[in-house]
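Got your viewer ready? Here is a walk through the model, one selection at a time.

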Amino acid sequence: MAQEYLERYKVSTIAAKELIKQQLLKCSASGFVTGFGGLLTLPVTVPANVASVLYVQMRMIAALAVLGGYDVHSDEVQTLVYLCLVGSSLTDVVKSTGIKIANKVTTNMLKKLPGAVLTRINQKVGFRLLTKFGTKGAINLVKAVPVAGALVGAGIDYGGTKLIADKAYNAFLLGKID
């Protein structure tokens with residue numbers, strides 16, 4: 001992968017930045033797709049997302065090491081790769097709690113909107129969000145809440161991968177270890 005980017009962009013720092021952009025897109029897309037299921041699918045989607053994002057991040061770091069002229073088979077470089085990944089464990093914890101919180105916050109915010117506003121939103125969106133009104137005006141918004149989880153998942157994966165990409169870029173292309 002590193003060689004493909006280097007052939008395409010000729011300069012290692014430019015190739016590295018382009019590689020990072022593509023990996024950020026991949027990780028964000030994974031977070032968006034796996035966050036879409038909401039609370040019901042969290043037990044399955046979070047582990048699947050963590051595994052796929054971790055794979056993309058490891059591959060990205062290794063490619064950045066190659067672009068920086070390092071041998072990824074050496075023990076020192078492998079240790080640096082793992083050090084660049086240290087931030088991902090915190091990201092994983094934040095992801096699982098962040099999606100749950102986003103789902104609850106979105107539901108609570110939407111419950112507080114007056115019925116007339118929700119009706120106008122429904123008309124604008126073009127499909128029916130309101131599926132059930134309770135005795136206290138509670139609204140079942142099962143279709144809307146997962147969108148918030150998807151956005152949170154994408155944002156967290158983007159942020160975590162960006163942090164890791166910056167560490168790896170600094171370590172392997174600039175020679176700075178934070």
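**Stop 1: a greasy spot on the surface**

Start by selecting Phe36, which sits in the loop between α2 (12-35) and α3 (42-67). This is a predicted model, so keep that in mind as you go. Phe36 is partly exposed, with a relative accessible area of 37%. Now add Phe32, Val33 and Leu151 to the selection: together with Phe36 they make a nonpolar surface patch of about 380 Å².

**Stop 2: the whole fold**

Zoom out and switch to cartoon. You should count 6 helices and 0 strands, so to speak an α-α-α-α-α-α pattern when read along the sequence. Of the 178 residues in the protein, 40% are buried. Turn on a surface if you like: the accessible surface comes to about 10200 Å², and carbon and sulfur atoms account for 65% of it. For the contact map fans, take the contacts with a separation of 6 or more: 72% of them are between residues 24 or more positions apart.

**Stop 3: inside helix α2**

Next, pick Ala16, in helix α2. Is Ala16 buried or exposed? With 0% relative accessibility, Ala16 counts as buried, because the cut-off for buried is under 20%. What does Ala16 touch, leaving out residues up to four places away in sequence? Show Leu64, Leu67, Tyr169 and Leu173 as sticks and you have the answer. While you are here, draw a C-alpha to C-alpha distance from Ala16 to Gly68: the two are 8.6 Å apart in space and 52 residues apart in sequence.

Stay in helix α2 and move along to Gln23. Gln23 is a polar stop on the tour, yet it is buried, at 2% relative accessible area. Setting aside neighbours within four places in sequence, the contacts of Gln23 are Met1, Tyr5, Val56, Met60 and Thr161. Keep Tyr5 from that list on screen, as it comes back shortly.

**Stop 4: a loop residue with an odd backbone**

Select Lys10, in the loop between α1 (2-9) and α2. Lys10 counts as exposed, at 64% relative accessibility. The backbone is the thing to check here: Lys10 has a positive phi of about 70°, although it is not a glycine. For background, most residues other than glycine have a negative phi.

**Stop 5: aromatic pairs**

How many aromatic pairs does a search of the whole structure find? There are 2. For one of them, show Tyr5 and Tyr9: the ring centres are 6.2 Å apart and the planes are at 20°, so this pair is stacked. Both residues lie in helix α1, 4 residues apart, or about one turn of the helix. Tyr5 counts as buried, at 8% relative accessibility, whereas Tyr9 is partly exposed, at 27%.

Now jump to Tyr70 and Phe172. Their ring centres are 5.2 Å apart and their planes are at 70°, so this pair is edge-to-face. It links distant parts of the chain: Tyr70 is in the loop between α3 and α4 (75-112), Phe172 is in helix α6 (residues 145-172), and the two positions lie 102 residues apart in sequence terms of separation. Tyr70 is partly exposed, with a relative accessible area of 33%, while Phe172 counts as buried, at 2%.

Before leaving the aromatics, go back to Tyr5 and add Arg8. The charged end of Arg8 sits over the ring of Tyr5, 5.2 Å from the ring centre.

**Stop 6: salt bridges**

The last stop is about charge pairs, and a search of the whole structure finds 2 salt bridges. Select Lys21 and Glu18 to see one of them, with the closest N and O atoms 3.2 Å apart. Lys21 and Glu18 are 3 residues apart in helix α2, which means they are separated by about one helical turn. Lys21 counts as partly exposed, at 47% relative accessibility.

Then swing over to helix α6 and select Asp166 and Lys162, which lie 4 residues apart there, about one turn of the helix. They form a salt bridge, with the closest N and O atoms 2.9 Å apart. Asp166 is partly exposed, with a relative accessible area of 33%, and Lys162 also counts as partly exposed, at 31%.

Technical notes:
Residues are numbered from 1 along each chain as its sequence is written. This is a predicted model: local features need pLDDT of at least 70, side-chain atom pairs count only at pLDDT 80 or more; totals for chains, interfaces and linings use all residues. Side-chain values use heavy atoms; hydrogens and water are left out. Patches are made of residues with over 30% relative accessible area and no salt bridge: like charges are joined within 9 Å, nonpolar side chains (Val, Leu, Ile, Met, Phe, Trp, Tyr) within 5 Å. Accessible areas come from the Shrake-Rupley method with a 1.4 Å probe; for residues, only the protein chains shown count as cover. A salt bridge is a side-chain nitrogen of Lys or Arg within 4 Å of a carboxyl oxygen of Asp or Glu. Buried means under 20% relative accessible area, exposed over 50%, partly exposed in between (1.4 Å probe, protein chains only). Contact means heavy atoms within 4.5 Å. Rings of Phe, Tyr and Trp (its six-membered ring) pair if their centres lie within 6.5 Å; planes under 30 degrees apart count as stacked, over 60 as edge-to-face and the rest as tilted. A charge sits over a ring if NZ of Lys or CZ of Arg is within 6 Å of the ring centre and within 35 degrees of the ring normal.
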